[in-house]
There are 2 protein chains.
Amino acid sequence: MSNHAKLDQLGLQAALEQARKSYSEGGIPIGSAIVATSSMEILGVGHNQRIQKASPTLHGEISALEAAGRLKAEVYRGATIFTTLSPCSMCTGAILLYNIPRVVIGENTNFKGNEDLLKSHGVEVIIIDNAECKELMENFIKEKPEDWYEDIGEATAS
Amino acid sequence: MSNHAKLDQLGLQAALEQARKSYSEGGIPIGSAIVATSSMEILGVGHNQRIQKASPTLHGEISALEAAGRLKAEVYRGATIFTTLSPCSMCTGAILLYNIPRVVIGENTNFKGNEDLLKSHGVEVIIIDNAECKELMENFIKEKPEDWYEDIGEATAS
C-alpha cells in the first residue's frame, strides 16, 4: 500500500467523478484532478471536453490544469495529478513542463500513454487499475469509437 | 532552400502576426499557425494566452490547435505547424499526439524545447532563426521575467 493511500483515494475519486460527469453529458469519460500532495487540497479538476466544447486540446489533464489556473512553479512541484486513463503524449508533456512529480492513473488497459517517458524523467507513476475507470472507457469506445479514435489522433479502424 | 519556401513564408508570417498581437496585448509573444501543407490553407492560428486568459495551457501551439477545432486524423497528418518559438514538452506532445509531420520554428535561441523528441519520432523540424521572433521574446523576457519563467514551469531566477 502506498504511503499516500488517503490522498490517492481522494484524488482518484475526484477524477472519477469528473469522468462520470463527462459520460453523463455524452462526452469522453476521462477525468483528472490536481491535488497538493501534502495538504491534500484539490487545486483543480476537469474532464475531457472534445464533444462538449468541440475541443481537441481539453483532455482531462489539460482541463484540470486549466481549472487550477496560473500556479507558481513550486506548487506544481508539490502536487500529484490524478487521471482516470493513462496520459497521452500531450498530457504527458504538460506534466513534464510543470515538473509534477507524481502521477496516479486509474487504468491503462484501454489506452497506454507515455508512462515510460514520465518515468525516464523521474516522475513517480502509479497505476490503480480501477474497475469503474475501465468500464466507463470500454462503454464509451463501444458506443462512439470515432470520437475516441479522433481523441488520440487515430483514424477509426474500418 | 526548402521545397516548401512559399508555405513556410506564409505560415511563419501568420504565426509572427499572432506573436505581435499577443505582445501588443501585454501577453507572451509566441504565436502559432497550422497550415495544410499541400493547399496552404490556414487551419488555425493562435498565441500564448497565459496573461490574457490567465491560462497555463494555452501556449501558442495549443491555441492554434484549439482554433482549428476538431479535425480528422488525416488532416493533421497533412499539416505543418508553425511556431515562433521552439515548442515546450506539452506542445511537443500535442504535435506527436496528432502526428503532425512537419514543424517550422521561428527561433530556438531564447528557449530550446523538445526538438530531439520530435525528430526521434520522425517529425521534420525546421529552424528559421528569424530576427523578429527573437527580438519579441528577448524584449518580453527582459520586461516580464516572472511571467516568462512561469510559462515554462520554472521559478524566476532570484
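# Two chains, one contact

Visitor: How many residues does each chain give to the contact?
Guide: Chain A gives 36 residues and chain B gives 36 residues. Keep in mind that this is a predicted model.

Visitor: What area is buried between chain A and chain B?
Guide: About 2,800 Å². Carbon and sulfur atoms give 54% of that area.

Visitor: Which three residues supply more of chain A's buried area than any other three?
Guide: R70(A), L97(A) and Y98(A). Together they supply 25% of the area that chain A buries against chain B.

Visitor: Why give an area at all?
Guide: The size of an interface is often given as the accessible area lost when the parts come together.

Visitor: OK, charges now. How many salt bridges cross the interface of chain A and chain B?
Guide: The rule finds 4 salt bridges there. One of them joins E150(A) to R70(B). Their closest N and O atoms are 2.6 Å apart.

Visitor: And how many residue pairs are in polar contact across the interface?
Guide: The rule finds 20 such pairs, counting those with both residues at pLDDT 80 or more.

Visitor: Which elements of chain A give two or more residues to the side that touches chain B?
Guide: They are α2 (50-53), α3 (60-68), α4 (73-77), α5 (89-97) and α8 (145-151) of chain A.

Visitor: Which one has the largest share?
Guide: α5(A), with 6 residues.

Visitor: What classes of residue are on that side of chain A?
Guide: The side of chain A that touches chain B has 18 nonpolar, 8 polar and 10 charged residues.

Visitor: New topic. What rotation superposes chain A on chain B?
Guide: A rotation of 180°, with 0.0 Å of shift along its axis. The RMSD is 0.0 Å. The two copies are thus related as by a two-fold rotation axis.

Visitor: Why say the copies meet through the same surface?
Guide: Because 100% of the interface residues of chain A are also interface residues in chain B.

Visitor: Let's look inside chain B. At what angle do α2 (residues 60-68) and α4 (residues 89-97) of chain B pack?
Guide: At about 35°. The axes of these two helices are 8 Å apart.

Visitor: Which residues meet there?
Guide: From α2(B), E61(B), I62(B) and L65(B). They meet M90(B), C91(B) and A94(B) of α4(B).

Visitor: How do the residues of that contact between α2(B) and α4(B) divide by class?
Guide: Into 5 nonpolar, no polar and 1 charged.

Technical notes. Residues are numbered from 1 along each chain as its sequence is written. Chains are lettered from A and ligands numbered from 1 in the order in which they are written. This is a predicted model: local features need pLDDT of at least 70, side-chain atom pairs count only at pLDDT 80 or more; totals for chains, interfaces and linings use all residues. Side-chain values use heavy atoms; hydrogens and water are left out. Contact means heavy atoms within 4.5 Å. Buried area is the accessible area (1.4 Å probe) that two parts lose on being put together, summed over both. A salt bridge is a side-chain nitrogen of Lys or Arg within 4 Å of a carboxyl oxygen of Asp or Glu. A polar contact is a pair of N or O atoms within 3.5 Å; within protein, one must be able to donate a hydrogen and the other to accept it, and residues adjacent in sequence count only if both atoms are side-chain atoms. Helices (H or I, at least four residues) and strands (E, at least two) are DSSP runs, numbered from the N terminus. Ala, Val, Leu, Ile, Met, Phe, Trp, Tyr, Cys and Pro count as nonpolar, Asp, Glu, Lys and Arg as charged, and the others, Gly among them, as polar. Copies are superposed by least squares on the C-alpha atoms of residues with pLDDT of at least 70 in both. Axes are lines fitted to C-alpha atoms, for helices over the stretch in contact, and angles run from 0 to 180 degrees between N-to-C directions.
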